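The following exercises concern the structure displayed below. Each task is followed by a solution in steps.

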Amino acid sequence: MPYVVTQSCCSDASCVLACPVNCIHPAPGDPDFATAEMLYIDPDGCVDCGACATACPVDAIKPHTLLSPAEEPFRALNAEYFEVFPHADRTPVAVVPPQRRLRDRRPVRVAVVGAGPAGLYAADELLKHPELRVDVLDRLPTPHGLVRAGVAPDHQRTKQAERLLAQIEDQPGFGYLLGVEVGTDLSRAELDERYDAVIWTVGASADKPLRVPGEDLPGSLSATEVVGWYNGHPDHQDLAVDLGHERVVVVGNGNVALDVARVLTLDPERLRGTDIAGLPWAQLAQSRVREVVVLGRRGPAQAAFTLPELVGLVALAEDGLVDVVVEAGGADLPADTPVGRQLARLRDLTPDPSRRRIVLRFLTQPLAILGEDRVRGLEVERTTLEPGPDGTLRAVGTGETEVLDCGLVLRAVGYHGREVADLPYDPATGTVPSDAGRVEPGTYVAGWVKRGPTGFIGTNKSCAQETVSRLLDDLDAGLVSPPARDADDLGALLASRGVTALDLADWRALDAEERRRGAASGRVRAKIVDREEMLRVAVEARRERVTRSRYPSRPKARSTR
Ligand code: NAP
C-alpha cells in the first residue's frame, strides 16, 4: 500500500527526513529539489510505514487506497516522476544530518524580523542550539505571514502548516514581539545593538506593475491586495472590489491567479466554513461575476501555475463545481507532459452555461485598461512565441487586438520585494543581496527577501537552514560580537512610544478568540481584521491572565460528608 504525495505538498521535506528507505524525492541536495513543484514517493520503494504521513505538516500524504477521486491523478504523477528520475543510487537510510554544536557556548540572542514561514523556520533552526534565544518581530499583531494572509481559504489543508508553526513557537527560548514595525516603531540600529544577530525574513510585500495605460483606474487592482482582502489582512479591508460586472480578467497565470480565479467563481457556500474574512465573504455571496478570464501571455507549455494546482482545478471542473475552459490561442497542448494531459482533460469536458466559469486563455497579452471613471474593459493582443537572447521563449505581439468587457482587472504578475530599513537592495530582483543569506556578519536574510518570490511554504525551510548555517559559521569564527544592550528593555521602550508589543501568550489568546468566534458560526475561525480590535482582545486577555495569576481561585472547601 504505497503512500502518495498530493496537492497540498509544501515541499518542506519533513517527509524525506522521516522516510527510513529514502524513497521520497527530490530530496534536499538533489539537483532538482529547489525547483520542484512538489515531492514524490516511489511506489516501488515505499515500505508502507506511514512515517512520512505522520511527519507531513499539511496532511498531503495518503495511502493510495484512501485517495479521493480528485486526488487519484497524483498516484500516477508520483510513479511517473521515478520513471524519469529513478534516484536509483539512494542509500536505504533516513537522511538525518548530524546536529551541529557551537564552539563557544555563550548565550546568544537573535532577532528575526518577519513572522511568516521563513522567519519561523529560521527560529526553528536556531533553537536547535540551547545557547540561542530568538525573538520574532512582525509589524502585524498576528504571525504566520502568507500562511494566514496568502493561502487561499479553500486550501485549508495547506493552512494546517499553522500547526507546525505553533510547535516551533512552543520551543523554549522562543519569543514574539508582534505589532512592531522595525523602521517605524524601532530603528534598525536599536535592534542591532540589542541582539547578537538579526535575520530579516520580511518577504516580498509589493506587487509588480503591468505598466499599461489605465492601470490606476478604480477596478484595476493587484491580485495580492485581493488575496489580502478575502484573507482578512488588516491593510486591505477597505479595498473596493467591484463584483457587479459579469467578467473579471486576471493577468498572469501563476498559482496566485488560479487562487483568485477559484475564490471568485466557487459557490460561496463552499467557502462559508473556512477562515475567509466576513465582509468579503458577504460581498462574494452577492457577486454578479460569471466568468474569470486568466490571461497567459505565453502558451500552455509555459504556464506559470504548478501541476498540483492544475490537478486540483481539473478536479473542481470534473466535479461540476466550476466550468474551466481552455483557449489555447492556436497553440497545441503540450503532448505527453503531465500539464498537457491535465489541460486535455479540461478541453474534453462539456461546458455547462449554468455554471460560473474560468477561462484559461493563452498567447494573449494586455495592452490597455479601458474606462474613464472606472474599468470597463481590457484591450488585449494575440501573441506568438520567439526565442529571447537567452533562448527562453518570450511573447511577442502579433498586432491582432480585441477588447474584453470586464469590470475588474487583477494583475497577478508576481510579487516584488520592497527596500528594507537601510539594508542593501537590488531593485531589479526586489531582494537584499547576500552570500547564501549572509549580508554581513550579524545581519542575515532568508525567504523571499533573500531569493525572490518563488517556491512554496516549505521551500523556506531549506532556505532558512542555509542562512542559519552562515550565522553559526560567523559565531564559530568569532565574527559576531555580543550586543551592547539587553533586549529585555524592548517592551518598555516600545511602550514609552505608545506601541503595544504582543507576545506569544497574547497571540495564543487572540488565536483562541478567533477560533471561538468561528466555532460559534460553524467556521474554522472568524478572523479579527481590525488592528485596534486585535490589540483590545489580546490586552484584555492579558489582564485576565494577570488577575488569575494574582488571585488564583481558592480550592473548593472539602465536603464534610
Ligand atoms: P508567478 O508564478 O511568477 O507568475 C507570474 C505570471 O505573470 C506568469 O504567468 C508571467 O508570465 C505573468 N507576467 C509577468 N509579467 C507580465 C506582464 N507584464 N504581462 C503579462 N503577464 C505577465 O507569480 P505568482 O502567481 O504571484 O506566484 C508567486 C509564487 O508564489 C510562485 O512561486 C507560486 O508558485 C507561489 N504560490 C504558490 C501557491 C500554491 O502553492 N498554492 C499559491 C500562491 C502562490 P511569464 O511566465 O510569461 O513571465
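A polar contact is a pair of N or O atoms within 3.5 Å. The model to which this cut-off is applied is a predicted one.

**Exercise 1. Polar contacts of the ligand**

Determine which side chains place a polar atom within the cut-off of the ligand, and describe the shell around the ligand.

Solution.

Step 1. Begin with the ligand oxygen atoms. In the side chain of Asn255, an N or O atom is 3.1 Å from an oxygen atom of the ligand. For Arg298, the corresponding distance from a side-chain N or O atom to a ligand oxygen is 2.8 Å.

Step 2. Turn to the ligand nitrogen. A nitrogen atom of the ligand has a polar side-chain atom of Glu309 at 3.3 Å. Because the cut-off is 3.5 Å, the pairs formed with Asn255, Arg298 and Glu309 qualify as polar contacts.

Step 3. Assess the cover. On its own the ligand has 920 Å² of accessible area, and the protein covers 77% of it.

Step 4. Describe the shell. There are 21 residues around the ligand, and Asn253, Asn255, Arg297, Arg298 and Gly455 come nearest. The shell comprises 10 nonpolar, 7 polar and 4 charged residues. Helix 10 (residues 255-265) gives the most to this shell, namely 3 residues.

**Exercise 2. Two open sheets**

State the strand order of the sheet of 3 strands and of the sheet of 6 strands, and identify the edge strands of each.

Solution.

Step 1. In the sheet of 3 strands, the order is 15-16-17, the sheet is open and the pairing is antiparallel. Strand 15 (364-370) and strand 17 (393-405) are the edge strands, since each pairs on one side only. On average, neighbouring strands here are turned by 25° against each other, direction ignored.

Step 2. Examine one pairing of this sheet. Strand 16 (residues 377-387) is joined to the antiparallel strand 17 by 10 bridges. Pro387 has Leu393 in strand 17 as its bridge partner.

Step 3. The sheet of 6 strands is likewise open, with the order 7-6-5-8-21-20 and mixed pairing. Its edges are strand 7 (174-178) and strand 20 (438-440), each of which pairs on one side only. From one strand to the next, the twist averages 25°.

Step 4. At one edge, strand 20 pairs with strand 21 (residues 443-445) over 2 bridges in the antiparallel sense. Opposite Arg438 stands Tyr444 of strand 21.

**Exercise 3. A salt bridge between distant parts of the chain**

Locate the elements that hold Glu80 and Arg341, and state how many residues separate the pair.

Solution.

Step 1. Side chains of opposite charge can pair when their charged atoms come close. The whole structure contains 58 salt bridges.

Step 2. In one of them, the side chains of Glu80 and Arg341 meet with an N to O distance of 3.0 Å.

Step 3. Glu80 belongs to helix 3 (residues 73-84) and Arg341 to helix 14 (residues 338-347); being 261 residues apart, the pair links distant parts of the chain.

**Exercise 4. Backbone exceptions**

Which loops hold Pro26 and Ser11?

Solution.

Step 1. Most residues other than glycine have a negative phi, and most peptide bonds are trans.

Step 2. The peptide bond from His25 to Pro26 is cis, with omega near -5°. Pro26 is placed in the loop between strand 2 (24-25) and strand 3 (40-41).

Step 3. Ser11, although not a glycine, has a positive phi of about 65°. The loop holding Ser11 runs between strand 1 (3-5) and helix 1 (14-18).

Conventions: Residues are numbered from 1 along each chain as its sequence is written. This is a predicted model: local features need pLDDT of at least 70, side-chain atom pairs count only at pLDDT 80 or more; totals for chains, interfaces and linings use all residues. Side-chain values use heavy atoms; hydrogens and water are left out. Two strands pair if DSSP finds at least two bridges between them. Helices (H or I, at least four residues) and strands (E, at least two) are DSSP runs, numbered from the N terminus. Axes are lines fitted to C-alpha atoms, for helices over the stretch in contact, and angles run from 0 to 180 degrees between N-to-C directions. A residue is near a molecule or strand if one of its heavy atoms lies within 4 Å of it. A polar contact is a pair of N or O atoms within 3.5 Å; within protein, one must be able to donate a hydrogen and the other to accept it, and residues adjacent in sequence count only if both atoms are side-chain atoms. Accessible areas come from the Shrake-Rupley method with a 1.4 Å probe; for residues, only the protein chains shown count as cover. Ala, Val, Leu, Ile, Met, Phe, Trp, Tyr, Cys and Pro count as nonpolar, Asp, Glu, Lys and Arg as charged, and the others, Gly among them, as polar. A salt bridge is a side-chain nitrogen of Lys or Arg within 4 Å of a carboxyl oxygen of Asp or Glu.
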